[in-house]
Amino acid sequence: MLFFKFIFFSFIFTTLLFSYPNYSQALKEKKLYPMGEKIYKKKCFHVDVNAYKSYEELYDALSTKQTCMALKKKYKEALSLYLWDIKRVAKKENKYKKLTVTKHDKCPVCGMFLYKYPRWISRIEYKDKNVSFDGIKDMMKYYFQHPENIKNILVQEYYTQKVIDAKKAYFVLGSDIYGPMGKELIAFKDKASAKQFYLDHKAKKILKFDAIKQAMVYKLDE
Amino acid sequence: MIQLKHVSKVYDNNIVALENIDLEVKEGELVILKGVSGSGKSTILSLIAGVLKPTSGDVLVDKKHIAKLPDHFSSQYRRDNIGFIFQKYNLIPTLSVWENIMLPLVPLNLDEKELQEKLMHVMNMFTIVHKKEVLVKKLSGGEQQRTAIARANVNNPKIILADEPTANLDQKLSCEFIQILKKLKSLHKTIIVATHDPLFFDLDFVDKVIEMHNGKLQRQSVVCS
Amino acid sequence: MKKINLYLLEYALGYIVRYRAKNIFIGVVLTLLIAVLASFFFVQNSLQYELASTLDAQPQIIVTNQKAGRDTTVDEKMIEKLLTIKGVGDVTSRVWGYYEFKHMNAKFVIVGIDTFENQYNTTLADIANNGELNASSMLIGEGVQKILNKSYYRDYFNFMTPDLHVQKIYIAGVFKAATTLESNNMIVMSKDTARKIFGYTSSEATDLAVSVTNPDELSAILVKIQNLFPTFHVITRKDFKIALQNQFDKTSSIFLTLFIITLFTFFMIVYDKSSGLSSEEKKEIAILKAIGWKIEDVLKARLYEGLIISLVAYLSGIILALFFVYVLNAPVIKNIFIDYNDMTNDFVLPFVVDYETLFLLFLLSLPVYMFATVIPSWRVATLDADEVMR
């Protein structure tokens, strides 16, 4: 009996050794995946992720592979995580390019120069042209006047400054964070972020894109 | 054109230099102020030049009240009308001959050509041009005198005032000065010479001799030519 | 505007040369004063420029642990907690510290880096991209190389760990940093190597560097960090900048006060000297008046005289200062500012030209001097010329 117990536990133990580590999402996204990406690009680029059936197999293989020179445990882990979670799934998550403007671009609603406020730039991509704004409030004002022929509406997420699709975003109104045109709508990529911001900055409401009405937008100017 | 009316001058230490002087010099006249040192003749020259102001009385030149002029106009008047030959010459020893002669013209900011013309003219007239680069302190007595005379004439003034011009000169140079005086007279300048050198008392081109003693006018005699 | 009276200018020039003893004295004193003041300003400008560049290379937030009121190490496990705060872009553990090389009286800054992490500093980023650091190698700054060479360490260096172990680290290369401050003191190695030298455990770090993606969120994040770790110190880059600027300003104002007093004294000396004209000078002015110069002409000549002397003094002073600061490296004045104990090694000041400083010095020197000469001259010029000539 004792013998089987011993075998059982040692089996569990060895699999646990290499099993998928239990890190928080934040740690993974902010530190481990970028690190893994760097390691992959610099040292270990001959790994075909899809050849492995489990995380443990991948991790094990890396230890023996000649191409990945002796890496510390920490680095091996980061690399494996990156490969398994990001490279394998290869979600072509719609990565939008950074919104850039020239020194001459102006917001059509208020006339301010956009290059002065890089963090607040938002954009509507129409079929024939792109129009950029110095805040989501001005963008919405314009949107209600010109709602046809739109390809994409892009905004910059508050916390990470990444460019996201406005239609999928959450907007917080009436916070104590002011944009170049005063009170603003602030964009977030998920509900949890919006909620956190709402609590931190004494905001009034959280809305999805379609719930935003023209009256609400103009009310912000009062 | 030069008039002194009831002019008195008392210095700060209560020395009376002049007492109630009445004097007149016509244009083009050569007048000798005769008297020993301390008789007040130098004071009269300084008053006419506008360098001194009388304690009482009026000094008029061409009907202008010289004594009442403020410094700015007084200097202007002096620059335009007076050529002063000082007893001690009052040249600047560390400057050269031409630099000394040029001094009255410096503030006028003349055209270079015009300035050179005036300089050369007087330097030639008083035969000092051959020493023009020499520092004044290295000149002989006679050369210094001629430099002083040239300086006094460089701006072609109407009135020439000379204070004891021959006091430091020997016979020869004194006679040279007399010749220069003749030349100046021929240029129709009004000349007043303050001196106690008897060489001047019997000259035939002198118009008037005024005798001074202790600050008071003694005698005015006209010399007939 | 009439053209400048060149004759008057020539006369003024001649006047200076003829009475040169007095003028040379004043000219030299003025030159020295300007040179000292200019040196001070040049050093200050260069240092501010250096510090501004260094500051930009600091992380936005630094989190330090405290024990008994003094800085102590942090545990890397804290990083995960900090990363959960929304708006925090990255948290890097920093392993750095000082190492005293007592033999050469030098103090090095050892910085440990992880080549696969994001770097907040351009010098470190360059090294991370290009350098190769293994467990027993390091990269040193150019200034460090010089110091080590002097004590015959060319290929490696023996560090002494806190438990009196000798740790031999090989010099893998030399780097040129973005700022001179860095080049002179910095040694870069892998974090684990640095830990060995400092006697840290494998999860210990000196402090944590936090970067924030949206600066609008900075104050909210500071509060959250403090709430998570109430006993820790949370310092922003701005705080650091303000603290340094204050120290700078304090030193500057002390020096400037001293200098203004000196300048005032100088003013008095010049005024006095100008009033005390020698009898020769007085006579010269009287003669000029007698031959028809107006008071304004005499004063103009004095003005030109003052202008010439002060201009020459100003230019000489500036050139002297430039030489003193940028060629000789400002020996004494530098030490007035550099008080913090990082800087025991020699430091080369970068060449920074600030036109405002030059203009200020110009205003301080020329008008002051001219004022001090013209006023007494006016008094003499109004004397009765006749009195002087007799």
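**Exercise 1. The side of chain C that faces chain A**

How many residues of chain C are in contact with chain A, and how many residues of chain A do they meet?

Solution. The model is a predicted one, and a contact is counted where C-beta atoms, placed from the backbone, lie within 7 Å. With that cut-off, 14 residues of chain C are in contact with 19 residues of chain A. Sorting the chain C side by class then gives three nonpolar, five polar and six charged residues.

**Exercise 2. The side of chain C that faces chain B**

Determine which helices of chain C supply residues to its contact with chain B, and which of these helices gives the most.

Solution. Begin with the totals: 20 residues of chain C are in contact with 20 residues of chain B. Next, assign the chain C residues to helices, whereupon α1, α10 (279–290), α11 and α14 (385–389) of chain C are each found to supply at least two. Among the contributions to this side, that of α10(C) is the greatest, with five residues. Finally, the division by class is eleven nonpolar, two polar and seven charged residues.

**Exercise 3. A helix crossing within chain C**

Describe the geometry and the residue classes of the contact between α1(C) and α11(C).

Solution. Take the axes first: those of helix α1 (residues 6–18) and helix α11 (residues 295–327) of chain C come within 8 Å and cross at roughly 65°, and the crossing is right-handed. Then list the participants, which on the α1(C) side include L8(C), Y11(C), Y15(C) and I16(C), and on the α11(C) side include K300(C), Y304(C), E305(C) and I309(C). Classified, the residues of this contact comprise eleven nonpolar and two charged, with no polar residue.

**Exercise 4. Strand pairing in chain A**

Establish in which sense β3(A) pairs with β1(A) and with β4(A), parallel or antiparallel.

Solution. Strand β1 (residues 122–126) and strand β3 (residues 150–156) of chain A run antiparallel and are joined by four bridges, with E125(A) standing opposite N152(A). On turning to strand β4 (residues 163–165) of chain A, one finds that β3(A) pairs with it over three bridges, again in the antiparallel sense, and that L154(A) stands opposite D165(A). The hairpin of β3(A) and β4(A) has six residues between its strands, and there Q161(A) takes a positive phi near 65°.

**Exercise 5. Confidence**

Assess what confidence the predictor assigns to chain C and to the complex.

Solution. Chain C averages a pLDDT of 81, and 90% of its residues score at least 70. Over residues 340–344 of chain C, however, pLDDT stays under 50, although the model has seven contacts beyond four places in sequence for this stretch. For the complex, the predictor gives an ipTM of 0.84 and a pTM of 0.66.

Notes
Residues are numbered from 1 along each chain as its sequence is written. Chains are lettered from A and ligands numbered from 1 in the order in which they are written. This is a predicted model: local features need pLDDT of at least 70, side-chain atom pairs count only at pLDDT 80 or more; totals for chains, interfaces and linings use all residues. pLDDT is the predictor's confidence in each residue, from 0 to 100. Two residues are in contact if their C-beta atoms, placed from the backbone, lie within 7 Å. Axes are lines fitted to C-alpha atoms, for helices over the stretch in contact, and angles run from 0 to 180 degrees between N-to-C directions. A crossing is left-handed if the near helix is turned anticlockwise from the far one by less than a right angle, and right-handed if clockwise. Ala, Val, Leu, Ile, Met, Phe, Trp, Tyr, Cys and Pro count as nonpolar, Asp, Glu, Lys and Arg as charged, and the others, Gly among them, as polar. Two strands pair if DSSP finds at least two bridges between them.
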